[in-house]
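Me: I would like to learn how to read the packing of a helical model, step by step. Could you take me through one?

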Amino acid sequence: MNALRYIWLALAIWGAIHPMYYFVTYMMTNGGGLGALIDAWYVNASTTGLVWDLTIAAITLTIWIIAEVAVRRNWIALLAIPAIYCIGVSCGLPLYLFLRSRPVA
């Protein structure tokens with residue numbers, strides 16, 4: 001595995017753990033539910049704009065992954081799509097780059 005693949009993997013792990021720490025901390029201090037977290041995303045125009053920014057980025061990345069997988073037949077790269085929506089773009093994008101950078105037979 002080359003150095004760049006290690007960087008993609010490290011960023012995917014960081015992108016999964018670091019934001020999740022804040023999400024879990026917020027949910028634990030505000031009743032433990034996902035509903036309170038989602039409500040906080042729309043508390044003002046700034047956070048709403050960030051949510052839309054990440055939503056558009058997630059949709060764009062999903063389309064890109066599907067288009068590339070259709071051409072390259074690198075089916076394992078599809079694992080990045082659930083990571084995008086269940087964890088976040090900060091995990092899904094570097095995970096996709098990690099999976100995409102592997103040799104495909």
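Reply: What follows goes from the overall fold to one helix, its two packing partners, and then two single residues. Please keep in mind throughout that this is a predicted model.

Me: How many helices and strands does the protein chain have, and what pattern does the chain follow?

Reply: A useful start is to list the secondary-structure elements in sequence order. Here the protein chain has five helices and zero strands, and along the sequence these give the pattern α-α-α-α-α. The C-alpha trace spans about 50 × 25 × 20 Å along its principal axes, and 28% of the 105 residues are buried. Of the contacts between residues at least 6 apart in sequence, 52% join residues at least 24 apart.

Me: What span does helix α5 reach from its first C-alpha to its last, and what is expected?

Reply: The idea is to set the end-to-end span beside the one expected from the number of residues. Helix α5 covers residues 89-100, which is 12 residues, and its span of 16 Å is close to the 16 Å expected at 1.5 Å a residue.

Me: Why is α5 described as largely enclosed by the rest of the structure?

Reply: Here one counts residues whose relative accessible area is under 20%, the cut-off for buried. Nine of the 12 residues of α5 meet it, so this helix is largely enclosed by the rest of the structure. The buried residues are V89, C91, G92, P94, L95, Y96, L97, F98 and L99, and what covers them includes α1 (3-29), α3 (45-72) and α4 (80-86).

Me: Are α1 and α5 roughly parallel or antiparallel to each other?

Reply: The angle between the two N-to-C directions decides this, and an angle over 145 degrees counts as roughly antiparallel. The angle between α1 and α5 is about 160°, with their axes 8 Å apart, and the two helices are therefore roughly antiparallel. The crossing of α1 past α5 is left-handed. On the α1 side the contact is made by R5, W8, L9, L11, A12, G15, A16 and P19, and on the α5 side by S90, C91, P94, L95, L97, F98 and L99. By class, these residues divide into 12 nonpolar, two polar and one charged.

Me: How does the same reading go for α3 and α5, and which residues meet there?

Reply: One again takes the axes and then the residues in contact. The axes of α3 and α5 come within 10 Å and cross at roughly 15°, and the helices are therefore roughly parallel to each other. Their crossing is left-handed. From α3, the residues L54, A58, L61, W64, I65, E68 and R72 meet V89, G92, L93, Y96, L97 and R100 of α5. This contact is made up of nine nonpolar residues, one polar and three charged.

Me: Is T62 buried or exposed, and which residues does T62 touch?

Reply: For a single residue, one reads the accessibility together with the neighbours. T62 lies in helix α3 and is buried, with a relative accessible area of 12%. Leaving aside residues up to four places away in sequence, T62 touches I81, I84 and Y85.

Me: How does R72 count by its relative accessibility, and how far is R72 from W52 in space?

Reply: R72 also belongs to helix α3, and at 31% relative accessibility R72 counts as partly exposed. Separation in sequence and separation in space are two readings to be taken side by side. R72 and W52 are 20 residues apart in sequence, and their C-alpha atoms are 30 Å apart in space.

Definitions and conventions:
Residues numbered from 1 in each chain as written. Predicted model: local features only at pLDDT ≥ 70, side-chain atom pairs only at ≥ 80, totals over all residues. Heavy atoms only, no water. Helix = DSSP H or I, 4+ residues; strand = E, 2+ residues; numbered from the N terminus. Expected span 1.5 Å × (residues − 1). Buried < 20%, exposed > 50% of the residue type's maximum accessible area, 1.4 Å probe, protein only. Contact = heavy atoms within 4.5 Å. Axes fitted to C-alpha atoms, helices over the stretch in contact; angles between N-to-C directions. Parallel < 35°, antiparallel > 145°, perpendicular 65-115°, else oblique. Left-handed = near helix turned anticlockwise from the far one by under 90°. Nonpolar A, V, L, I, M, F, W, Y, C, P; charged D, E, K, R; others polar.
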